[in-house]
Amino acid sequence: MDFISGNRVKDKFGIDMILEPGANGEEYRLFGGILSLIYQSAREQEQHPYQFGSCNFYERFSGAKPYLASEHREFPHFPDCLFVNDDYVLCIEHFQVNASEPRSDYDCGDEYRAFLESHRDLVEQNSYEELEALIEEEELVFSIHNLILSLLHSLESKAPKIPLYKQAAREYISTGVDESSVKEDLAKRMEVWFLVEDVTPSTAAESLFSNNEVLDAIKGIEELEGLIYVHTPFITKPPKTVGEIMLIHNDEDARAQLRALLPCNSNHQ
């Protein structure tokens with residue numbers, strides 16, 4: 001899948017691309033890789049992302065006349081990327097979660113982020129076997145309790161900004177030079193989706209999203225349309241198959257389906 005700007009191919013999205021952790025703009029490249037897989041799924045109808053809720057996900061994440069914009073910092077609170085197709089304008093805001101211990105209630109990040117930063121050279125070299133060995137050597141602790149905490153912290157931080165993401169998107173669209181296109185795009189349904197990137201080496205998405213406290217937190221964010229979840233244990237690489245992607249609509253059907261993932265659902269204590 002190509003990213004075209006000014007009638008030129010400026011970037012390519014696919015399973016072979018390498019992401020640069022922490023670099024500004026990599027969020028839109030990760031989302032571009034996800035879109036590429038969903039477009040392929042819509043076209044071939046062989047494998048699909050995991051889908052939860054009463055929602056036509058393909059109408060939102062594929063479609064004709066696609067346009068993808070990366071973050072524009074001249075517009076305060078612009079989302080990490082903006083996706084426009086023939087029917088929708090999607091504000092995509094990205095954040096990472098992981099299952100390590102928080103530092104000072106996340107004021108100083110968490111133990112896994114600190115670990116990755118201290119071994120940045122190995123991350124940049126894609127030396128994952130060495131990193132896995134160091135995780136055991138340094139005795140990093142990962143738990144579903146911490147993964148739930150990480151997601152709840154990010155949801156609480158991002159939720160109040162949802163109206164601001166939409167306002168920034170409208171201001172950006174309004175700067176277009178073609179008045180008819182501007183009018184058309186402003187009339188489309190605008191939604192905010194959170195792109196949740198789980199960078200835990202080994203994770204448990206079913207336990208995370210079947211947790212009652214997590215489900216209640218998502219339900220309480222009424223202006224949030226849904227979540228896009230990917231597990232990227234190798235943080236320089238995007239998902240390789242569409243089956244690695246979870247699309248969760250913010251509705252009661254999704255919550256019922258997610259609660260059914262585990263036979264014994266326990267609350268986070």
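Here is a walk through this predicted model, starting with its sheet and ending at a single asparagine.

Let's begin with the sheet. Seven strands make up an open sheet, and going across it you meet them in the order 3-9-8-7-6-5-4, with mixed pairing. At the edges sit strand 3 (50-52) and strand 4 (67-70), each of which pairs on one side only. From one strand to the next, the twist averages 20°. As a reminder, strands of a sheet pair through backbone hydrogen bonds, either parallel or antiparallel.

Now step into the middle of that order. Strand 6 (residues 88-97) and strand 7 run parallel and are joined by 10 bridges. If you want to find this pairing on screen, look for Val 89, which stands opposite Met 190 in strand 7, or for Glu 93, which stands opposite Phe 194 in that strand. Helix 6 (residues 144-158) packs on the sheet here, touching strand 6, strand 7 and strand 8. The direction of helix 6 makes about 135° with that of strand 6.

On its other pairing, strand 7 (residues 189-198) meets strand 8, again in the parallel sense, over seven bridges. Phe 194 turns up here too: its bridge partner in strand 8 is Leu 227. Next along, Leu 195 stands opposite Ile 228 in strand 8. So how enclosed is strand 7 by the rest of the structure? Largely, because nine of its 10 residues are buried. Strand 8 (residues 224-231) is mostly covered as well, with seven of its eight residues buried.

The pairing sense changes when you move on to strand 9: strand 8 and strand 9 pair in the antiparallel sense, over five bridges. A handy landmark is Tyr 229, which stands opposite Met 246 in strand 9.

Before following strand 9 any further, take a short detour to a pair of helices. Two packed helices are described by the angle between their axes and the distance between the axes. Helix 7 (residues 162-174) and helix 8 (residues 179-186) pack at an angle of about 160°, with their axes 9 Å apart. That makes helix 7 roughly antiparallel to helix 8, since angles over 145 degrees count that way. The crossing of the two helices is right-handed. Where they meet, Arg 170, Ile 173 and Ser 174 come from helix 7, while Val 182, Asp 185 and Leu 186 come from helix 8.

Back to strand 9 (245-249), and to the loop that leads from there to helix 11 (252-259): this is where you'll find Asn 250. Is Asn 250 buried or exposed? Asn 250 has 15% relative accessibility, so it counts as buried, the cut-off being under 20%. What does its side chain reach? One partner is the backbone oxygen of Ile 218, at 3.1 Å. The side chain of Asn 250 also makes a polar contact with the side chain of Arg 255, at 2.7 Å; Arg 255 falls within the range of helix 11 (252-259). Leaving aside residues up to four places away in sequence, Asn 250 touches Ile 218, Lys 219, Ile 221, Leu 224, Glu 225, Gly 226 and Arg 255. Several of those names should ring a bell: strand 8 covers residues 224-231, and Leu 224, Glu 225 and Gly 226 are among the residues Asn 250 touches.

Definitions and conventions. Residues numbered from 1 in each chain as written. Predicted model: local features only at pLDDT ≥ 70, side-chain atom pairs only at ≥ 80, totals over all residues. Heavy atoms only, no water. Helix = DSSP H or I, 4+ residues; strand = E, 2+ residues; numbered from the N terminus. Buried < 20%, exposed > 50% of the residue type's maximum accessible area, 1.4 Å probe, protein only. Polar contact = N/O pair within 3.5 Å; in protein donor to acceptor, adjacent residues only side chain to side chain. Contact = heavy atoms within 4.5 Å. Pairing = 2+ DSSP bridges. Axes fitted to C-alpha atoms, helices over the stretch in contact; angles between N-to-C directions. Parallel < 35°, antiparallel > 145°, perpendicular 65-115°, else oblique. Left-handed = near helix turned anticlockwise from the far one by under 90°.
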